[in-house]
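Student: I should like to learn how to read the features of a protein model. May we work through one together?

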Amino acid sequence: MQKKNNINLIKQIRKLTKISINKCKIALKKNNFDLKKTLIYLKKKKINNKKKTNEGIIISKIKKNIGIIIKIKCETDFITKNKYFLNFCKKLIKYCLKKKIYNNKNINNYINNKKNFLISKFKENIKIHKIRYLKGKYIIKYIHINYKIGTILKINIKENNNNYYRSAKKICMHITAMNPKYISRKLINKKQIKKEKNSILDYKNKKDLISKLNIKLKKKILLEQNFIFNEKLLVKDYIKKKNIIILKFHRFEI
């Protein structure tokens, strides 16, 4: 009878908290199989908030010489269209720029309190998943219309060019669409090369491995990709033509 009661308790906790059976068992055992005490314990531990966050939005803002991009995740797409959530995202990015919060480690109580208010309101987990920034004279951003994918880009220009922005915006859009991992071949370090090599499992010999590695890298290197706005050109040809130097980028995707 005791075992049956325990199973019923586990079912109740799972229904209320959505946590795993194993976590239910551990929590119950710690609280002498008392349902009320177990739920209070889980609430304090915030275990019931550890749900999958597969949805969310990408936001970006540039102020003076700082560009910032943030990936905010939640459980359902429904929340991403809610005015309270969107208002939180707008305030968040302004606050991060104002207080110079450029990574997750520096998130303070003000942000956490606002986030926790939304969690309690929607009964969904919300995560500030990633924050990245770029600092420089020429920062460009592009967020796709569905807010699921976006890029911030830092460039330099070789000469005074008042029309650089339009060209740089196209590069930003290219990065968003084509998802390069590296800027150029010379900027790939030995550790990254080794990782790329190890991911190639099917090869005949060393020459075949190098050949397959080069094919793989070509798809991932920004300067060696075919430019989406003119596929006859490589990105490196386009930026040479426009007197642009690509220095760094951050690309986020939900």
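The dialogue below takes up salt bridges, the nonpolar core, backbone angles and surface patches in turn.

Tutor: Please keep in mind throughout that this is a predicted model.

Student: Let us begin with charged pairs. How many salt bridges does a search of the whole structure find?

Tutor: The search finds 9 salt bridges. A salt bridge is counted when a side-chain nitrogen of Lys or Arg lies within 4 Å of a carboxyl oxygen of Asp or Glu. One of the pairs is Asp77 with Lys148, whose closest N and O atoms are 2.8 Å apart. This pair links distant parts of the chain, the two residues being 71 residues apart. Asp77 belongs to helix H4 (residues 77-80), and Lys148 to the loop between strand E4 (138-143) and strand E5 (149-157).

Student: Which of these two partners counts as buried, and which as partly exposed?

Tutor: The general idea is that a residue is buried under 20% relative accessible area, exposed over 50%, and partly exposed in between. Lys148 therefore counts as buried, because its relative accessibility is 17%. Asp77 counts as partly exposed, because its value is 28%.

Student: Which residues form a salt bridge with Glu196?

Tutor: Lys181 meets Glu196 at 3.7 Å, N to O. That pair joins the loop between helix H7 (164-178) and helix H8 (190-198), where Lys181 lies, to H8 itself, which holds Glu196; the two are 15 residues apart. Lys220 also forms a salt bridge with Glu196, at 3.1 Å from N to O. Here the link runs from helix H9 (residues 206-220), the place of Lys220, to Glu196 in helix H8, across 24 residues of sequence.

Student: Do salt bridges stand alone, or where are they joined into a network?

Tutor: Bridges that share partners can be read as one network, and one such network joins Glu55, Asp77, Lys81 and Lys148.

Student: Returning to Glu196 and its two lysines, why is each classed as buried or partly exposed?

Tutor: Glu196 is buried because its relative accessible area is 3%. Lys181 counts as partly exposed because its relative accessibility is 46%, and Lys220 is partly exposed because its value is 24%.

Student: I turn now to the interior. What is the size of the largest nonpolar core, and which residues have the most contacts inside it?

Tutor: A nonpolar core is read as a set of buried nonpolar residues joined through side-chain atoms within 4.5 Å. In this model the largest has 26 residues, and Ile70 and Phe85 have the most contacts inside it. At least two residues of this core come from each of strand E1 (55-63), strand E2 (66-74), H5, H6 and strand E3 (126-135). Helix H5 gives the largest share, 8 residues.

Student: How should I read a backbone phi angle, and which residues here have a positive one?

Tutor: Most residues other than glycine have a negative phi. Two residues to note in this model are Phe33 and Tyr147. Phe33 is not a glycine, yet its phi is positive, at about 55 degrees. Phe33 is found in the loop between helix H2 (21-30) and H3, and it counts as partly exposed at 35% relative accessibility. Tyr147 has a positive phi near 60 degrees. Its place is the loop between E4 and E5, and Tyr147 is partly exposed, with a relative accessible area of 45%.

Student: Which residues form the positive surface patch?

Tutor: The general idea is that like charges within 9 Å are joined, provided that each residue has over 30% relative accessible area and no salt bridge. In this structure Lys63, Lys64, Lys98 and Lys99 form such a positive patch. Lys99 lies in the loop between helix H5 (83-98) and helix H6 (109-122). The relative accessible area of Lys99 is 46%, so this residue is partly exposed.

Student: What makes up the nonpolar surface patch of about 240 Å²?

Tutor: Met178, Ile228 and Phe229 make that patch. Phe229 is placed in the loop between strand E6 (226-227) and strand E7 (230-234), and is partly exposed because its relative accessible area is 39%.

Student: Finally, is Lys36 buried or exposed?

Tutor: Lys36 counts as exposed, because its relative accessibility is 62%. Lys36 is placed in helix H3 (residues 35-45). From Lys36 to Asn226 the C-alpha to C-alpha distance is 61 Å, and the two are 190 residues apart in sequence.

Key:
Residues numbered from 1 in each chain as written. Predicted model: local features only at pLDDT ≥ 70, side-chain atom pairs only at ≥ 80, totals over all residues. Heavy atoms only, no water. Patch = residues over 30% accessible without salt bridge, like charges linked within 9 Å, V, L, I, M, F, W, Y side chains within 5 Å. Areas by Shrake-Rupley, 256 points an atom, 1.4 Å probe, with all protein chains shown as cover. Lys, Arg positive; Asp, Glu negative; His and termini not counted. Charge placed at Lys NZ, Arg CZ, Asp CG, Glu CD. Helix = DSSP H or I, 4+ residues; strand = E, 2+ residues; numbered from the N terminus. Buried < 20%, exposed > 50% of the residue type's maximum accessible area, 1.4 Å probe, protein only.
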